[in-house]
Amino acid sequence: MAQLMEHPAVTLPRVGKQGDPCVMVIFGAAGDLTGRKLIPALYNLAKADLLAKEFAVVGVARSPVTNEDFRKKILEEVKEYGEEEIDPALWEIFSRRFYYFKGDFNNQDLYPQLKDFLAKIDRDHSTQQNYFYYLATAPNYFGPIVEKLAAAGLMEQTSEYWRRVVIEKPFGHDLESAKALNQQLRKVAEENQIYRIDHYLGKETVQNIMAFRFANGIFEPIWNRRYIDHVQITVAETVGVEGRGGYFDHAGSLRDMVPNHIMQLISLTAMEPPISFQADAVRDEQAKILHAIQPMSDQEVLNRSVRGQYGEGILGGERAPAYRAEADVAPDSRNETFVAMKVNIDNWRWADVPFYLRTGKRMPMRNTYIVIQFRRAPFVLFRDTPVEHLMPNQLVLHIQPEEGISLRFAAKVPGPVMRLDPVDMNFEYQEYFGKQPSTGYERLLHDCMIGDQTLFQRADMVEAGWCVVNPILDLWKALPPRNFPNYAAGTWGPKEADELLERDGRRWRNFEK
């Protein structure tokens, strides 16, 4: 951040537009998200010279903390969770722009006081009255905080300055609550002020899906039902509930992952080419995909969805406890920690091409990836050779932890006999472009500062995702599971998830360490 830091020797070359002058107000600044992700992301943006010199951060929380203590706390957190050594000179100037404001989010008096405090920050740092509010809070605060900000005049914007609010997931707990929250927000804010964040969209590979599809002439012509057999999306986690048992035991994997993360991956994978990379042009095409996903009947929910809960097992060579033995989880919990499902997209491009989705906790490895499996080539040419079957080609988009793309195809094994083996061509971002410090939030925070909503969910997209999930939630509530736990920690989920594909003559692509 050459301008902001006045220390150009430590900055990286700027690639992209600097953020607008602004104040970032973090509600819930004492929480883990601030120290683990948000402040390290801001520091990385500073090093890349992507923050304006007129920039400040105000952390809001209940604890009585001084500015100096707040700055010391975030320094320790950035040292612990950041990926690079902190440059002392850079940090010294950077941290002087951090302030702490004590207050109770429920207290109406907090917001006029905050307004006065932000006016002082404007004078001290020339931030031009541009504010964005990051709600790193429990979901029950989302609507009330925005309403109170609006009542204090802190959501008003003009042609001279802007006001925006960033809302973390979960956005509602079902379709009705998501609609209600959208209505609550839209009463006091415009859609262009609301940034519904999904940190998965900060991953390089996710952002690269559109570039990969639409900038390469060899892939888009075959990205359709004529050439693609099916698509798999896997979001596997090795962790359990990580001290979030109280929240997770009421949410479950279906609510926690499918209507947001996985629906975003589906929409980017399946969308039609937008007319431009403008935010609404892209999101219009994503929304069309989400609306085209066929809702399931009760019988289809039974046949095309699987739920699981992990029991005790071995993970990474160590014994892992059962879900029901985790802290703050009911000993007879019927909550799912694994979900698999088969969905169909009812449009011309994807008719009869199933999309298989799965996500789960306590699986063998942490891995998120999308598998595009192509149709098999005709066997007729190889009928008089020792080759007994032809394996399908697979294109894999690796999203985390390693980001990259791999292509699997058949190659002849050297020798006088016709034998085929699968081989993989691999591209890894880190190997090719070098490692860049990243929390996954840099692009999203920067986009908010410049007013680019492309990677943020629109109201209709959120509701469309819940429309897919709601019939499953309803039936699962009416028919509680009888066989939990039904998969051991350290495995790829219950056998019913494998059977979901086997009935169609397919199988999951698993990656082992």
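**Exercise 1.** In this predicted model, determine the handedness of the crossing of helix 2 and helix 4, and then describe how the two helices pack.

*Solution.* The crossing of helix 2 and helix 4 is right-handed. Two packed helices are described by the angle between their axes and the distance between the axes. Helix 2 covers residues 32-47 and helix 4 covers residues 88-95, and they pack at an angle of about 115 degrees, with 11 Å between their axes. Because angles of 65 to 115 degrees count as roughly perpendicular, helix 2 is described as roughly perpendicular to helix 4.

**Exercise 2.** Identify which residues of helix 2 meet which residues of helix 4, and classify the residues of this contact as nonpolar, polar or charged.

*Solution.* From helix 2, the residues I39, L42, Y43, A46 and K47 take part, and they meet L90, W91 and F94 in helix 4. Sorted by class, the residues of this contact comprise 7 nonpolar and 1 charged, with no polar residue among them.

**Exercise 3.** Assess how the overall dimensions of the protein relate to the globule rule for 513 residues, and state what share of its residues is buried.

*Solution.* The protein has 15 helices and 18 strands. Its radius of gyration is 24 Å, close to the 24 Å given by the globule rule for 513 residues, so the protein is as compact as a globular protein of that length. The C-alpha trace spans about 80 × 55 × 45 Å along the principal axes. Of the 513 residues, 57% count as buried. Finally, among contacts with a separation of 6 or more, 78% are accounted for by residues 24 or more positions apart.

Notes. Residues numbered from 1 in each chain as written. Predicted model: local features only at pLDDT ≥ 70, side-chain atom pairs only at ≥ 80, totals over all residues. Heavy atoms only, no water. Axes fitted to C-alpha atoms, helices over the stretch in contact; angles between N-to-C directions. Helix = DSSP H or I, 4+ residues; strand = E, 2+ residues; numbered from the N terminus. Parallel < 35°, antiparallel > 145°, perpendicular 65-115°, else oblique. Left-handed = near helix turned anticlockwise from the far one by under 90°. Contact = heavy atoms within 4.5 Å. Nonpolar A, V, L, I, M, F, W, Y, C, P; charged D, E, K, R; others polar. Rg over C-alpha atoms; globule rule 2.2 N^0.38 Å. Buried < 20%, exposed > 50% of the residue type's maximum accessible area, 1.4 Å probe, protein only.
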